[in-house]
Amino acid sequence: MSALGKPVSHEAARLHVTGAASYVEDLAADVARLGYAWPVTSPHACARVLAVDTSAALLCPGVLTCLTREDVPGENDVGPVKHDEPLFPELVEHHGQPVLWVIGESAEQARLGAERVRVEYEPLPAILSIEAAIAAESYHMPQDQLRRGEPEQALGAAAEQLSGELFVGAQEHFYLETQAALALPEDGAALLVHSSTQHPTETQEVVARVLGIAKHEVTVQCLRMGGAFGGKETQANLWAAVAALGARKLRRPVLVRLTRAQDMTMTGKRHPFLGRFRVGFEPDGKLRALLLELYSDGGFSLDLSSPVLFRAMFHADNAYLLPNVSVTGRICKTNHVSHTAFRGFGGPQGMLMIEEVLDRVARHLDLSPELVRERNFYVKGDTAHYGQEIKDAERILRIWQELSESSDLGRRLEQVRSYNEGSLHYKRGIAITPVKFGISFTTAFFNQAGALVLIFKDGSVQVNHGGTEMGQGLHTKVAQIAAHALALPLTAIRVMATRTDKIPNTSATAASSGSDLNGAAVQSACEALKERLTAVAARRFQVAPEDVVFESGSVLPWQRPADAVPFPSIVEQAYLERTPLFATGYYRTPKIHFDRDTGRGKPFHYYAYGAAVSEVEVDGFTGQYRLLRADLLHDVGSSLSPLVDRGQIEGGFLQGVGWLTTEQLVWNDQGALMTSGASTYKLPSLGDCPPVFNVKLLERAAEPGVVYGSKAVGEPPFMLAISVREALRAAVAAFGSGGVVELAAPSTPEAVFWAIEQQRAQAAKLGRAAE
């Protein structure tokens with residue numbers, strides 16, 4: 001029986017729950033002569049480094065060396081795109097930026113040595129907000145724009161108009177394993193770097209660049225990560241470069257492993273966004289025009305801010321037709337950490353803006369938000385504001401209707417109204433929101449992957465591919481794909497650690513594309529091997545190749561099932577016949593393109609759809625709230641691994657709930673992060689899960705042209721959490737007497753309380769006016 005599409009557990013689940021799974025720091029446990037690196041960081045958000053004195057540190061017991069810019073034989077930069085991130089900066093551009101590193105025989109000795117380093121700074125004025133960057137015209141790149149129709153004229157001709165703005169805050173990745181890298185010298189100039197990275201090839205490139213050596217001298221391995229969420233796509237490179245530089249200088253292994261406070265202080269977050277909009281619409285709620293300005297806080301360097309902003313612009317429509325629209329985007333250069341990739345990659349920020357617009361339109365017109373949303377849905381034949389046809393657009397309404405029925409939305413809306421009429425200090429809210437999310441890297445050349453599959457004479461199989469495992473279940477899906485393609489049990493398949501000496505020139509495991517790209521490459525390699533083995537079996541059975549069947553670990557001629565032999569028997573014969581038992585596979589996503597200058601193209605291979613209904617209860621005295629129930633219906637195509645997919649949907653939704661409700665990052669007026677640990681940064685926990693949590697995968701949803709009809713699932717469910725914020729808004733509205741409800745994002749209890757107070761004040765004002 002095939003393992004494909006079966007609800008199997010994560011391939012490392014037992015290792016995870018027993019503590020036996022190895023991560024970077026575990027790999028260092030038995031390494032002899034290990035050096036530990038500790039950073040010396042800036043106490044300023046913007047300052048010039050005038051002088052560095054390491055003499056006292058070098059006298060400390062156990063201190064092996066200090067790494068400074070003089071130790072860099074290659075390029076003193078780890079920036080992935082613009083080369084604007086100096087490893088050892090002369091100009092500090094964010095609070096907590098590493099200036100140099102101390103390496104000791106223990107982490108504690110390195111830390112004590114770092115305390116003895118003296119750095120002289122010249123503090124400079126800092127830009128610490130999007131508004132300040134706009135005022136100073138501090139940007140990383142020129143403005144981008146996507147445009148359709150004549151939005152200015154359509155706005156003027158619309159029956160109704162509104163304007164407003166929304167700021168949405170940053171989000172910390174808070175992966176369980178902090179950033180880590182272990183560098184081990186090998187023969188000559190060669191190095192092996194164990195890195196907690198989503199992008200081993202880029203880490204290899206940056207390490208080679210810093211050391212001034214060719215890439216073939218650097219091997220990067222990622223066994224697994226303890227979470228990543230985008231935060232280790234580019235930002236793993238710095239720590240790997242430091243470890244490699246230390247190992248090169250000392251000719252001994254070096255470990256970099258950040259503490260939680262260091263990680264939160266020194267690494268980028270989800271980009272904060274400011275959106276300013278003007279919208280024109282009709283009395284029935286149909287949108288006629290939208291002018292949307294997006295400003296992202298990129299931090300001190302460019303990193304991935306450009307594609308993040310563009311994905312936000314691509315997704316400013318979510319599931320809605322915008323007939324006349326202008327979306328502009330600017331990346332603000334500030335003196336914060338360099339903000340980076342995070343699950344959704346700008347898509348959530350763009351989608352939140354249009355959901356904000358539609359709710360304001362609905363409440364301005366005194367219409368139900370769910371009705372206004374439905375009236376603006378894409379339908380079959382529509383195109384997006386960047387010119388791509390919305391494939392399967394009818395699926396939006398199908399999911400909406402199926403979920404409305406399965407969640408009993410109509411009856412529950414009436415129940416909520418009835419409850420609110422009888423409750424003065426507690427109010428409930430319920431909301432339904434859709435998701436349409438484009439799948440592919442928007443940079444076309446990243447949409448490729450390779451694989452190397454090895455069959456041993458005993459019939460067991462090793463699978464190598466370019467994707468990295470961060471807990472999301474990619475290796476599980478790849479194992480199921482290989483097992484299905486070769487008709488073997490899962491126990492016969494072992495997915496190997498990701499290494500640059502096995503699969504070169506890989507793309508990051510990101511953009512929800514890990515299974516699409518790497519799974520298809522593995523499928524290709526397995527099918528090549530199966531074709532060779534089929535020829536061997538055909539000769540053995542004396543039948544035509546098309547008459548050979550691979551089934552449940554056996555090979556047989558379909559006409560003579562009794563002649564079946566075990567898979568290893570055919571493999572052994574293939575070896576004796578000198579048939580190669582290894583094969584490479586390759587896949588590239590077809591027919592994707594985008595012209596940035598014209599703002600037109602087909603940047604996505606397909607769309608993933610979904611919807612969520614969420615119900616909350618809010619305490620009018622404190623703003624505290626409870627998520628009572630969530631119903632999710634999500635489109636994963638034909639699921640490769642339903643248990644893994646369900647976990648991604650549940651986890652993505654809860655992480656999105658955290659972003660929109662509890663997780664608030666706070667920097668002080670000097671640019672220092674005040675919420676640098678779990679005691680001050682509130683993550684969603686088990687207690688935040690709704691007591692009624694229904695998750696269903698959309699049926700009859702196979703996606704042609706994708707590996708076994710599946711769809712990506714990593715990022716799209718994150719945006720289902722927008723329904724929770726809209727339910728909170730509905731509950732806040734119940735404390736007032738109608739009209740637009742302004743609600744901050746994240747919608748913390750404090751934010752909800754002040755929104756309630758605003759509603760009460762407006763209601764009181766209207767009451768006095770009526771008198």
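**His385, Arg600 and a three-stranded sheet**

Mentor: Let's begin with His385, which lies in the loop between helix 12 (369-375) and helix 13 (394-406). Keep in mind that this is a predicted model.

Trainee: Why is His385 called buried?

Mentor: Buried means under 20% relative accessible area. His385 has 0%, so the word applies. Among the residues His385 touches are Leu146, Phe314, Tyr378 and Arg600.

Trainee: What makes the approach of His385 to Met313 a polar contact?

Mentor: The pair of N or O atoms has to be within 3.5 Å. The side chain of His385 reaches the backbone oxygen of Met313 at 2.8 Å, so the distance fits the cut-off.

Trainee: And Arg600, why is that residue called partly exposed?

Mentor: Partly exposed is the range between under 20% and over 50%. Arg600 comes out at 32%, so it belongs there. You'll find Arg600 in strand 26 (residues 600-602), and its side chain reaches the backbone oxygen of Arg147 at 2.6 Å.

Trainee: How far apart are Arg600 and Leu146 in sequence and in space?

Mentor: They are 454 residues apart in sequence and 8.2 Å apart in space, C-alpha to C-alpha.

Trainee: On to the sheet with the order 21-22-23. How do you know that strand 21 and strand 22 pair?

Mentor: Pairing takes at least two bridges. Four bridges join strand 21 to strand 22 (residues 554-557), so they qualify, and they run antiparallel. One example is Val549, whose bridge partner in strand 22 is Leu556.

Trainee: What makes strand 21 (548-551) and strand 23 (565-566) edge strands?

Mentor: Each has a single partner strand, so one side of each is left without a neighbour in the sheet. Helix 16 (residues 514-541) packs on the sheet, touching strand 21, strand 22 and strand 23.

Technical notes: Residues numbered from 1 in each chain as written. Predicted model: local features only at pLDDT ≥ 70, side-chain atom pairs only at ≥ 80, totals over all residues. Heavy atoms only, no water. Helix = DSSP H or I, 4+ residues; strand = E, 2+ residues; numbered from the N terminus. Contact = heavy atoms within 4.5 Å. Axes fitted to C-alpha atoms, helices over the stretch in contact; angles between N-to-C directions. Buried < 20%, exposed > 50% of the residue type's maximum accessible area, 1.4 Å probe, protein only. Polar contact = N/O pair within 3.5 Å; in protein donor to acceptor, adjacent residues only side chain to side chain. Lists of a residue's contacts leave out its neighbours within four places in sequence.
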